[in-house]
Amino acid sequence: MRREMSPNSALQGQESGAFQVSRSVFLIILGVAGDHIMGVSSSIFPTSLPSLSLAQNTMASMKVNEQEFYRAKVDFDETKAGVKGLLDSGVQKIPEIFVHPPENVLQNLSPGTQKNLNLKVPVIDFERIEGGKRGEIVGEIQKVAGNWGIFQVLNHGIPSSVMEEMIQGIRRFHEQPQEVKMAWYSREHEQRVKYYSNGDLYVSKAVNWRDSISCHYADGVLDPNALPPVCREAIRNYMEMMMKLKNTLAQLLSEALGLDTNYLTNLDCMKTATLVCHYYPSCPEPNLTLGATKHSDPSFLTILLQDTIGGLQVLQKNQWVDVEPIKDAIIVNIGDLMQLITNDKFKSVEHRVRSARIGPRISAACFFYPSIANNSKPYGPINELVEEMGAPIYRETGHKEYMAYYREKGLDGTSSLPFFKL
C-alpha cells in the first residue's frame with residue numbers, strides 16, 4: 001500500500017515560522033519500539049479474552065502489531081523530516097521500524113564462514129581505449145559482467161571537479177533548512193523531481209536508514225529549472241557527463257556480448273535515466289539496521305558515484321564484499337533487465353549498504369531504462385544469445401510490468417527475476 005502525499009502540504013511541528021521536528025510524533029514512532037511491536041500491549045489487549053481461542057488471540061495480536069507497525073511508518077512519513085530529521089531530534093536508539101532481522105545484517109550469509117580477503121571488486125581503466133587496447137577492455141568487461149555484475153571504472157571521462165561538486169550538491173540539498181527541503185517531499189511516482197525517505201516504505205518489512213532525492217530524465221531530458229536551486233548546476237553538469245559515459249558503456253557491453261557495437265543503443269533500452277541521490281546519516285545503532293537492504297536493480301544498467309565513507313557491499317561467493325572507495329572512480333553495475341535480455345550471460349549484482357556511526361555517506365545512482373515510447377515494449381532474451389546458449393531462460397516483459405512487480409514486492413532481500421523465468 002502506498003500513500004500519495006502532496007509536496008506542499010504543511011508539516012505539523014512548525015512553530016513561530018521556523019520548522020521544528022515534532023518530538024511528539026517521533027515519540028510515537030519510538031513508542032512502537034516497545035511492547036506494541038515485540039509483544040501485545042496490555043493497554044490494547046486485556047489480560048483475559050475468554051471469547052477468543054488461543055489461535056484467535058494470536059491472530060488478533062499479530063493484526064494489532066501490524067497496524068501499530070504501519071502507523072509508526074505513517075507517523076514517520078508525515079513528518080517529512082526523513083531519517084536526518086529523526087537523528088536531528090536527538091534519538092539515541094533507532095525506532096523499531098528501522099530494526100532489521102539479525103541475519104540480514106550479518107557480514108556473511110553462513111554463520112562461521114571465514115571471510116575471503118582476496119575478493120575485491122574488479123577495476124577497469126578506460127584510458128587504454130584511446131591507446132589501442134579496446135579489445136582488452138571488452139574482454140575484461142565480458143568476464144566481470146558475467147561473474148561479478150559490477151566493476152569500478154577509472155579514466156571514464158568525468159572530471160574530478162564535477163564528481164566532487166555532485167557530492168557536495170547532494171549534501172547541500174539534504175542539509176538545507178527543513179522548511180525548504182520539505183517542499184520537495186512526495187511519494188507520487190509521476191513527480192519528476194522529489195525528495196523522500198524509503199521509496200518502498202509502506203511495503204518494506206524494515207525501513208532503511210537513508211533519505212533520497214530523485215530526478216527523472218524521460219528520454220534523457222529534464223528541464224534544469226525543475227531541479228532544486230541548491231544543487232541545480234551540480235546535477236546538470238554531472239548528468240551531461242553521465243549520458244556520454246552511458247553511451248560508451250552501451251557500446252562496450254554490446255561488444256562484450258559478441259554483438260554489433262551499437263546493438264544495445266539500437267535496442268533503445270537505456271534512453272531514459274533516473275538519478276537517485278542518497279543521503280545516509282550517521283546511525284546510533286548501526287548493528288541493528290541497514291542503509292539499503294540486499295537487492296538488485298530493476299534497470300538495464302546503473303552507474304554509481306560514491307563518496308569516501310564506504311559501506312556499499314556486493315554479494316559474491318556467499319559473502320559480502322566491500323566496494324572500497326577509489327579516488328575518481330565510477331561504479332558500474334548490471335541491472336536485472338540486462339541479465340534478462342542477455343539470458344544470464346551478464347549477471348545483475350545483489351548489493352546492500354551498511355549503516356555506520358560515521359556519516360553522512362553520500363551517493364548518486366543513475367538508473368537507465370527504455371524510452372517513453374518503449375516503456376511497455378516487451379524485452380526478452382536476445383535471439384543471438386539464445387541460439388548460443390540453447391534456450392531462453394526468461395519470458396518477455398516490459399519495463400513497466402517489471403517495475404510494477406518490483407515496487408509491489410519492495411526491497412525484501414530477494415530478486416524479482418525468478419518471477420519472470422519460463
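Two strands count as paired if DSSP finds at least two bridges between them. The exercises below apply this criterion to a predicted model.

**Exercise 1.** Determine in which sense β3 and β4 pair, and which residue is the bridge partner of D125.

*Solution.* Step 1: β3 spans 123–125, and strand β4 comprises residues 150–154. Step 2: three bridges join β3 and β4; the pairing criterion asks for at least two. Step 3: the sense of this pairing is parallel. Step 4: the bridge partner of D125 is L154, in β4.

**Exercise 2.** Place β3 and β5 in their sheet, and explain why one side of each is left without a neighbour.

*Solution.* Step 1: the sheet is open, has eight strands and mixed pairing, and follows the order β3-β4-β12-β9-β14-β7-β6-β5. Step 2: β3 and β5 stand at the edges with a single partner strand each, so one side of each has no neighbour in the sheet. Step 3: on average, neighbouring strands here are turned by 20° against each other, direction ignored. Step 4: the partner β6 (residues 211–217) pairs with β5 in the antiparallel sense over four bridges, and C215 in β6 stands opposite V193. Step 5: β5 (residues 193–196) is covered on both faces, with V193 and Y195 buried on one side and K194 and Y196 buried on the other. Step 6: helix α5 (residues 134–147) lies across β3, β4 and β12, running at about 160° to β3.

**Exercise 3.** Describe the strand order of the four-strand sheet and identify the bridge partner of V314.

*Solution.* Step 1: the order is β8-β13-β10-β11 in an open sheet with antiparallel pairing. Step 2: β8 (290–295) and β11 (319–322) are the edge strands, and each has a single partner strand. Step 3: neighbouring strands in this sheet are turned by 30° against each other on average, direction ignored. Step 4: β10 (residues 312–316) pairs with β11 over four bridges, and the partner of V314 in β11 is V321.

**Exercise 4.** Compare the span of α6 with expectation and locate its buried residues.

*Solution.* Step 1: at 1.5 Å a residue, the 16 residues of α6 (residues 160–175) should span 22 Å. Step 2: the end C-alpha atoms are 23 Å apart, which agrees. Step 3: the buried residues of α6 include V162, M166, I170 and F173. Step 4: seen down the axis, the buried residues of α6 fall within an arc of 155°, so they line one face of the helix.

**Exercise 5.** Identify where confidence limits interpretation.

*Solution.* Step 1: the mean pLDDT of the protein chain is 86. Step 2: pLDDT stays under 50 over residues 1–28 and over residues 54–61. Step 3: where pLDDT is low, predicted coordinates should not be read in detail.

Conventions. Residues are numbered from 1 along each chain as its sequence is written. This is a predicted model: local features need pLDDT of at least 70, side-chain atom pairs count only at pLDDT 80 or more; totals for chains, interfaces and linings use all residues. Side-chain values use heavy atoms; hydrogens and water are left out. pLDDT is the predictor's confidence in each residue, from 0 to 100. Contact means heavy atoms within 4.5 Å. Helices (H or I, at least four residues) and strands (E, at least two) are DSSP runs, numbered from the N terminus. Axes are lines fitted to C-alpha atoms, for helices over the stretch in contact, and angles run from 0 to 180 degrees between N-to-C directions. The expected span of a helix is 1.5 Å times one less than its number of residues. Buried means under 20% relative accessible area, exposed over 50%, partly exposed in between (1.4 Å probe, protein chains only). The arc is that of the directions from the helix axis to the C-beta atoms.
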